[in-house]
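User: I have a model open and would like to learn how to read its features. Can you take me through them one by one?

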Amino acid sequence: LDIAPPVNQICGIIERPEEEALLDNMRMLALRGGGEGNTREEEEFYCCGVQGCQKTFYHEHVGIKTEENDGLVVKEGEVVG
């Protein structure tokens, strides 16, 4: 090769939706003045249906069936449908 491809094409990390959501949430907290005095109890957690989960953004748990989520990576309707 005479010209090397850009570095981000060689070793870039593919962004995932949950990482984008977490980053958006962190930016929102920073704009609100969250940070030093902000504790976990003051945050609003996303209700995913899994007891004890304290994520603050939309997500689904794989392998855990809840009222909100069937726990499957690929929805049954997509496979059978």
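Analyst: We will go through a helix, a ring pair, the cysteines and a pocket. Note that this is a predicted model.

User: Let us start with the helix. How does the span of helix H2 compare with what its residues should give?

Analyst: In an α-helix there are 3.6 residues a turn, so residues three or four places apart point the same way. Helix H2 covers residues 17-31. At 1.5 Å a residue, its 15 residues should span 21 Å, and the end C-alpha atoms are 21 Å apart, which agrees. Just after H2, Gly33 has a positive phi of about 90°.

User: How many aromatic pairs are there, and which geometry do the rings of Tyr46 and Tyr58 have?

Analyst: There is 1 aromatic pair. The ring centres of Tyr46 and Tyr58 lie 5.5 Å apart with planes at 75°, so the pair is edge-to-face. Both residues sit in the loop between H2 and H3, 12 residues apart. Tyr46 is partly exposed, at 30% relative accessible area.

User: Why is there no bond between the sulfurs of Cys53 and Cys48?

Analyst: The two sulfurs are 3.7 Å apart, too far for a bond. A disulfide needs them within 2.5 Å. The structure holds 0 disulfides. Cys48 counts as buried, at 5% relative accessibility.

User: Last, the pocket. Which residues lie nearest the centre of the largest pocket?

Analyst: Rolling a probe the size of a water molecule over the atoms shows where empty space is left. The largest pocket has a volume of about 230 Å³. Of its 14 lining residues, Pro17, Glu18, Tyr58, His59 and Glu60 lie nearest the centre. By class, the lining has 7 nonpolar, 4 polar and 3 charged residues.

Methods. Residues numbered from 1 in each chain as written. Predicted model: local features only at pLDDT ≥ 70, side-chain atom pairs only at ≥ 80, totals over all residues. Heavy atoms only, no water. 1 Å grid on protein atoms, 1.4 Å probe; cavity = no way out; pocket = protein on both sides within 12 Å on 5 of 7 lines; lining within 4 Å. Points joined across faces, edges and corners; volume = space filled by probe spheres on them. Nonpolar A, V, L, I, M, F, W, Y, C, P; charged D, E, K, R; others polar. Buried < 20%, exposed > 50% of the residue type's maximum accessible area, 1.4 Å probe, protein only. Helix = DSSP H or I, 4+ residues; strand = E, 2+ residues; numbered from the N terminus. Expected span 1.5 Å × (residues − 1). Phe/Tyr/Trp six-rings, centres within 6.5 Å; stacked < 30°, edge-to-face > 60°.
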